[in-house]
Amino acid sequence: MTRWLPCTLTALFTVTVGAQEDDRANYFNDPFLQVTDAIPSCPKQEKPKITVAQRQAETHWRAERGTSCYQSGRCRLSNAYLYDQEIIPRVKKAILADGRFANTSIWVEGQRRWVWLKGCVASEEQSLQIEQLVRNIDDVEAVINALVTVPR
């Protein structure tokens, strides 16, 4: 009976790990916030989620990317990802304080000092204004503008 125990445990472990492989989560805790919510037809944006396999594949790359910023003298903190938890709330605060973007539905996501702008705006001009505003925030290295124009 004891010789079956290892096989049973192995099978149980395999099933458990297999189920976890399909689970998607924000394993690296990349910040993601909704900033505005004025366009009802704008599709809700999803939090960043990856699989366990993707997490394992990205771990080395993130360590390398994060520390190269510091090693090259472009970052004062030891890892570029350490900035994100502070940058994204500042991006939200800047967009809200500006006053020109109350008629938008915007989400922001941060990763290694890069900011992704997602959601809907009323015009292309508004999209460019938001992008420029975020580019001017301290510690932001890049802005990826994925905003969609939805005329009202």
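This passage looks at one helix pair and at several salt bridges in a predicted model.

The packing of two helices is described by the angle between their axes and the distance between those axes. Here, helix α3 (residues 84-98) and helix α4 (residues 124-135) have axes that come within 10 Å and cross at roughly 130°, which makes α3 oblique to α4. The crossing of the two helices is right-handed. On the α3 side, Val91, Ala94, Ile95 and Asp98 take part, meeting Ile130, Leu133 and Val134 of α4. Of the residues in this contact, six are nonpolar, none is polar and one is charged.

Turning to charged pairs, the model holds ten salt bridges. One of them lies within helix α2 (residues 52-71), where Glu58 and Arg62 sit four residues apart, about one turn of the helix. Their side chains meet at 3.3 Å, N to O. Glu58 is partly exposed, with a relative accessible area of 24%, whereas Arg62 is buried at 6%.

Helix α3 carries a pair with four-residue spacing, Glu86 and Arg90, whose closest N and O atoms are 3.3 Å apart in a salt bridge. Both partners are partly exposed, Arg90 at 25% and Glu86 at 43% relative accessibility.

A further salt bridge joins Glu141 and Arg113 (3.9 Å, N to O). This pair links distant parts of the chain, 28 residues apart: Glu141 belongs to the loop between α4 and β4 (142-149), and Arg113 to the loop between β2 (105-111) and β3 (114-121). Glu141 is partly exposed at 35%, while Arg113 is buried at 10%. Finally, salt bridges with shared partners join Arg76, Glu86, Arg90 and Asp139 into one network.

Notes
Residues numbered from 1 in each chain as written. Predicted model: local features only at pLDDT ≥ 70, side-chain atom pairs only at ≥ 80, totals over all residues. Heavy atoms only, no water. Axes fitted to C-alpha atoms, helices over the stretch in contact; angles between N-to-C directions. Parallel < 35°, antiparallel > 145°, perpendicular 65-115°, else oblique. Left-handed = near helix turned anticlockwise from the far one by under 90°. Contact = heavy atoms within 4.5 Å. Nonpolar A, V, L, I, M, F, W, Y, C, P; charged D, E, K, R; others polar. Buried < 20%, exposed > 50% of the residue type's maximum accessible area, 1.4 Å probe, protein only.
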